[in-house]
Amino acid sequence: MPRLHNKIVLITGAARGQGAAEARLFVREGARVVITDVLEAQGRQLAEELGKDVAVFLRHDVASEADWLQAVAAADALGGLHGLINNAGIFQPRTLMETDTALFEQHIRINQLGPFLGMKAVVPLMERCGGGAIVNVSSVAGLRGSPGAIAYSATKWALRGMTKAAAIDLAPRKIRVNSIHPGPIDTPMLEVRTPEQNQRRLQAVPMKRMGTPEEVADLVLFLISDESRYITGAEVAIDGGATL
Ligand SMILES: NC(=O)c1ccc[n+]([C@@H]2O[C@H](COP(=O)([O-])OP(=O)(O)OC[C@H]3O[C@@H](n4cnc5c(N)ncnc54)[C@H](O)[C@@H]3O)[C@@H](O)[C@H]2O)c1
């Protein structure tokens, strides 16, 4: 039996990278998916590739409360909602002294306010569907100090704390909330650094390689499926040992 048989899952920032890998895997596991992103052409192309019976794309800025209403309505139109992956994020690494208020606030709006709005928005529909699971995509930058990325780190530490607070709040509603903490994963997000810089950073990874979006998708599948039904408020690193 496919592990997400008859489930509907909303994935933010899913036009590419980890979110797109999750959409592909979840559909193979029997789910229908709402793919959302601000990248419209790539998002629509992915939905077409997956097939209109199992995937819909919606332009959705996670920092917009109004857009969240539309995203939940799209899931409702598909028949309900059982999973949310708060995956959308930005990474513009700057040191403390290089970071201005605008850059700090931009990270907060997308990486922190976005998942807050998302968790709130999905609860009524998930509850009507008998409960569900939320996965918040934090980072190893939410587990330890991260060089030259103060705004990003602030939001990823916040998301880790928000996950635990929400896990307690939502347990009575049968909604589980967990966070994942990827190390370097081979997606367009890391193109802000040169290939040489990315290679140098791998020295600090015991497994000496980047992770793939598909490896992250396997973990998220576990956390969204009933196989993890007694796990909530947990933080799972997927980082080749980088935080050991
Ligand atoms: N790649 C890594 O090394 C790495 C490591 C740790 C954590 N992460 C986290 O993983 C998640 C997925 O990133 P990825 O690696 O797939 O990178 P990515 O850049 O390929 O994907 C991020 C997606 O988020 C979307 N997005 C950005 N702002 C948005 C907004 N306002 N509303 C909706 N969507 C928006 C982007 O368009 C993009 O498609 C992010 O939260 C990121 O912080 C990535």
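Colleague: In which loop is the place of Lys208?
Modeller: This is a predicted model. The helices on either side of Lys208 are α6 (195-201) and α7 (213-224). The place of Lys208 is thus the loop between α6 and α7.

Colleague: Is Lys208 buried, partly exposed or exposed?
Modeller: Buried means under 20% relative accessible area, and exposed means over 50%. Lys208 has a relative accessible area of 48%. That value lies between the two cut-offs, so Lys208 counts as partly exposed.

Colleague: What is the phi of Lys208?
Modeller: Lys208 is not a glycine. Its phi is nevertheless positive, at about 55°.

Colleague: Which segment holds Asn6, another residue with a positive phi?
Modeller: Asn6 is a residue other than glycine, and its phi is near 65°. The strand that follows its segment is β1, residues 8-12. Asn6 is therefore found in the segment before β1 (8-12).

Colleague: How does Arg94 count, as buried, partly exposed or exposed?
Modeller: Arg94 is found in the loop between β4 (83-86) and α4 (101-128). Its relative accessibility is 33%. Partly exposed covers the range between 20% and 50%, so Arg94 counts as partly exposed.

Colleague: How far apart in space are Arg94 and Leu39?
Modeller: In sequence, Arg94 and Leu39 are 55 residues apart. In space, taken from C-alpha to C-alpha, their separation is 24 Å.

Colleague: Which residues come nearest to the ligand?
Modeller: There are 28 residues around the ligand. By class, this shell has 14 nonpolar, ten polar and four charged residues. The residues that come nearest are Arg16, Asp37, Asn87, Tyr152 and Thr187.

Colleague: Which helices each supply at least two residues of the shell around the ligand?
Modeller: One of them spans residues 17-28, and another spans residues 150-170. By name they are α1 and α5.

Colleague: How much of the ligand does the protein bury?
Modeller: Backbone N or O atoms approach the ligand at several places: one of Gln18 lies 2.8 Å from a ligand oxygen atom, and one of Val62 lies 3.0 Å from a ligand nitrogen atom. A backbone N or O atom of Gly183 lies 3.5 Å from an oxygen atom of the ligand. Taken alone, the ligand exposes 820 Å². Of that area, the protein buries 95%.

Colleague: Which pocket is the space taken by the ligand?
Modeller: The shell around the ligand includes residues from α1 and α5. As for the space that the ligand takes, it is the largest pocket.

How values were computed: Residues are numbered from 1 along each chain as its sequence is written. This is a predicted model: local features need pLDDT of at least 70, side-chain atom pairs count only at pLDDT 80 or more; totals for chains, interfaces and linings use all residues. Side-chain values use heavy atoms; hydrogens and water are left out. A residue is near a molecule or strand if one of its heavy atoms lies within 4 Å of it. A polar contact is a pair of N or O atoms within 3.5 Å; within protein, one must be able to donate a hydrogen and the other to accept it, and residues adjacent in sequence count only if both atoms are side-chain atoms. Accessible areas come from the Shrake-Rupley method with a 1.4 Å probe; for residues, only the protein chains shown count as cover. On a 1 Å grid over the protein atoms alone, a cavity is a set of points where a 1.4 Å probe fits but cannot get out, and a pocket is an open set with protein on both sides within 12 Å along at least five of seven lines; lining residues have an atom within 4 Å of a point. A molecule sits in a cavity or pocket if more than half of its atoms lie within 2 Å of its grid points. Helices (H or I, at least four residues) and strands (E, at least two) are DSSP runs, numbered from the N terminus. Ala, Val, Leu, Ile, Met, Phe, Trp, Tyr, Cys and Pro count as nonpolar, Asp, Glu, Lys and Arg as charged, and the others, Gly among them, as polar. Buried means under 20% relative accessible area, exposed over 50%, partly exposed in between (1.4 Å probe, protein chains only).
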